[in-house]
Amino acid sequence: MRAILFILVLIVAACSDRTAAPILPEAQLVGKNRDVFIGTTRSMNAAGEFGIGRSASLNLLQAKVSLPPGRTLGSVSDGQERPKPDRDFTIAALNIYESNDVFRRALAADLASHPPSERDVTLFVHGFNNSFTNSAFRIAQMAEDLELPGTHVTYSWPSRGNPLGYEYDQDSALFARDGLADLMHLIRSVGQPDIVLVAHSMGSALVMETLRQLDIAEPGWVGRNVSGVILLSPDINVDVFRSQFSRIQTAPDPFVVMVSRKDAILRLSSRLRGERTQLGNIQNTDAVADLPITVVDVTAFSDRKSGNHFVAAGSPALIQLLRRSSELDSEFLRGRAGSVLTIPGARRIQSPPRRPSTSAIRSEAR
């Protein structure tokens, strides 16, 4: 067990966060700027930063993120104590809203700035070992590289931002359920925009717990208010996922689960639990074949920096394919449950027989 933990540290330490990230207004003149709305249940520390403490109230902000020029597609940097805007992702401006109403007006104005067909919200929920700053950087990077339309929001729950903080993060993910539910209610109150939930790793467990909670409190709420769910490398036990899913009266359509059999982080997560796999690295789709979800296997693609744990946003090859195919983008974000996603440039492998409401793709290089 100690050996496994040591290996885990070696793999994820390279992408662990530094929480310090000063605001540099001059960065707005250097890189590409992306506006990101933020809801967080992190508490503010003595330095005036949103750190690892847990806040009982939801804090609402807007950040202007500067993406450095000339960066590699799929790349994102951590918070830096002395960032260089020509090299690093940078917070160029940060506005803390004093009330829900002020946040609501700002969100409504941003939505209104987009064409009517793009007035939706992508809500990103980060995973294990993330800082406040990194969650803002990641949604800005995905919005830019994947050309996500509409308004972009991130939910920054109180992860410790340390590769040795796995248990702390698990507790924090449970703590953060109410905050995510409150943020979703707040977003929907702004002219009823569509919400596409995108979650990574442990953030997927948080999302599933929150959807379960919302539908238990008000049956059918999820189906009426969430237009799509995309779970990237979900760090969830398959049995737990099935239990969570069973309490959702009407599943959002589409409901996408992206998996990779090469995911080193989930391989270690499984071993720590004494399991063969987690949902995000399942070997076949039999265990979820009866659910109205779409499984997309991205094993053929690589993101070495993350140990193949964030391929959808970190693999330049996969990003290029997602950007190049408008048909795939439409299916991916607005497709029908049960449709088969054929990624261009990849060979489709037949999946085992299943109910028509479920589909899977195994993508392998030609």
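Contact means heavy atoms within 4.5 Å. The model is predicted: local features need pLDDT of at least 70, side-chain atom pairs count only at pLDDT 80 or more, and totals for chains, interfaces and linings use all residues. Residues are numbered from 1 along each chain as its sequence is written, and side-chain values use heavy atoms, with hydrogens and water left out.

**Exercise 1. Take stock of the chain.**
State how many helices and strands the protein chain has, and what share of its residues is buried.

*Solution.*
- Step 1. Helices (H or I, at least four residues) and strands (E, at least two) are DSSP runs, numbered from the N terminus. The protein chain has 12 helices and 11 strands.
- Step 2. Buried means under 20% relative accessible area, exposed over 50%, and partly exposed in between (1.4 Å probe, protein chains only). Of the 366 residues, 57% count as buried.
- Step 3. Now sequence distance. Among contacts between residues at least 6 apart in sequence, 75% join residues at least 24 apart.

**Exercise 2. Explore the largest nonpolar core.**
Find which residues touch the most other members, and which helix gives the largest share.

*Solution.*
- Step 1. A nonpolar core is a set of buried Ala, Val, Leu, Ile, Met, Phe, Trp, Tyr and Cys residues joined through side-chain atoms within 4.5 Å.
- Step 2. The largest core has 54 residues; Leu123, Tyr155, Leu197, Leu211 and Phe241 touch the most other members. Helix H6 (residues 202-217) supplies the largest share of this core, 7 residues.
- Step 3. Look at Leu211. Beyond its neighbours within four places in sequence, Leu211 contacts Met184, Leu197, Val222, Val226, Val229 and Ile248.
- Step 4. Another core lies apart from this one. That core has 36 residues, including Phe89, Phe132, Met258 and Leu318.

**Exercise 3. Find the covered face of helix H4.**
List the buried residues of H4 (residues 166-175), then say what covers them.

*Solution.*
- Step 1. The buried residues are Tyr166, Tyr168, Asp169, Ser172 and Ala173.
- Step 2. Seen down the axis of H4, they fall within an arc of 150°, so they line one face of the helix. The arc is that of the directions from the helix axis to the C-beta atoms.
- Step 3. Their cover includes strand S2 (50-67), helix H5 (177-188), H6 and helix H9 (264-273).

**Exercise 4. Place Lys64.**
Locate Lys64 and name its contacts.

*Solution.*
- Step 1. Lys64 lies in strand S2. Its relative accessible area is 22%, so Lys64 is partly exposed.
- Step 2. Leaving aside neighbours within four places in sequence, Lys64 contacts Gln28, Asn33, Arg34, Asp35, Thr90, Ile91, Ala92 and Ala93.
- Step 3. Lys64 and Val36 are 28 residues apart in sequence, yet 6.3 Å apart in space, C-alpha to C-alpha.
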